[in-house]
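Hi,

Here is the structure I promised to pass on. Have a look at it first, and my notes on what turned up are underneath.

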Amino acid sequence: MLRITRQESPSETTLQLEGRLTSGELMALDEAWRSCVSTERRVVIDLAGIRFVDAAGAAVLRALRQGPIELTGCSPFVRELLEENVR
């Protein structure tokens, strides 16, 4: 299960993710980040609360990182998944 909490500040929107990021949860994440990028503010996805990411979730995070979204709070596990295809 994935929980997404949206936090607003004057200059940015942060999506705080908690739980598991799996293929079944990607639609909710897609809707959440798309609603943020239309606001023309900086968008940050905080992954500190993520305990598990499957291959599909890692692929989406890698793609988001290449776009206008900043990823923060990556655990060593998540960081390794994000770097997996870069090597």
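Keep in mind that this is a predicted model. I started with the inside: the largest nonpolar core has 23 residues, and I45 and L47 are the ones with the most contacts inside it. Quite a few elements chip in, as strand 2, helix 1, strand 3, helix 2, strand 4 and helix 3 (76-83) each supply at least two residues of this core. As a general point, nonpolar side chains in soluble globular proteins tend to be buried together.

If you want one residue to click on, try L47. Setting aside neighbours within four places in sequence, L47 is in contact with L17, L61, L71, T72, G73, C74 and V78.

Next, the sheet. It is an open one of 4 strands, in the order 1-2-3-4, with mixed pairing. Strand 1 (2-8) and strand 4 (69-72) sit at the edges with a single partner strand each, so one side of each has no neighbour in the sheet. On average, neighbouring strands here are turned by 20 degrees against each other, ignoring direction. Strand 2 (residues 12-21) and strand 3 (residues 42-53) run parallel and are joined by 9 bridges. For an example of who pairs with whom, G19 has I50 as its bridge partner in strand 3.

Two helices lie across that sheet. Helix 1 (residues 26-37) lies across strand 1, strand 2, strand 3 and strand 4, and runs at about 175 degrees to strand 2. Helix 2 (residues 55-66) lies across strand 2, strand 3 and strand 4, at about 160 degrees to strand 3.

One loop residue is worth a look too. T22 is in the loop between strand 2 and helix 1, yet T22 is buried, because its relative accessible area is 17% and the cut-off for buried is under 20%. Not counting residues up to four places away in sequence, T22 touches F52 and D54.

Finally, the cysteines, since you work at the bench. How many disulfides does a search of the whole structure find? The count is 0. Why no bond for C36? The closest cysteine sulfur to that of C36 is in C74, 17 Å away, which is too far for a bond; a disulfide would need the two sulfur atoms within 2.5 Å. The same pair comes up from the other end, with C36 holding the closest cysteine sulfur to that of C74. As for burial, C36 is buried at a relative accessible area of 0%, and C74 counts as buried at 17%.

Cheers

How values were computed. Residues numbered from 1 in each chain as written. Predicted model: local features only at pLDDT ≥ 70, side-chain atom pairs only at ≥ 80, totals over all residues. Heavy atoms only, no water. Buried < 20%, exposed > 50% of the residue type's maximum accessible area, 1.4 Å probe, protein only. Pairing = 2+ DSSP bridges. Axes fitted to C-alpha atoms, helices over the stretch in contact; angles between N-to-C directions. Contact = heavy atoms within 4.5 Å. Core = buried A, V, L, I, M, F, W, Y, C linked by side-chain atoms within 4.5 Å.
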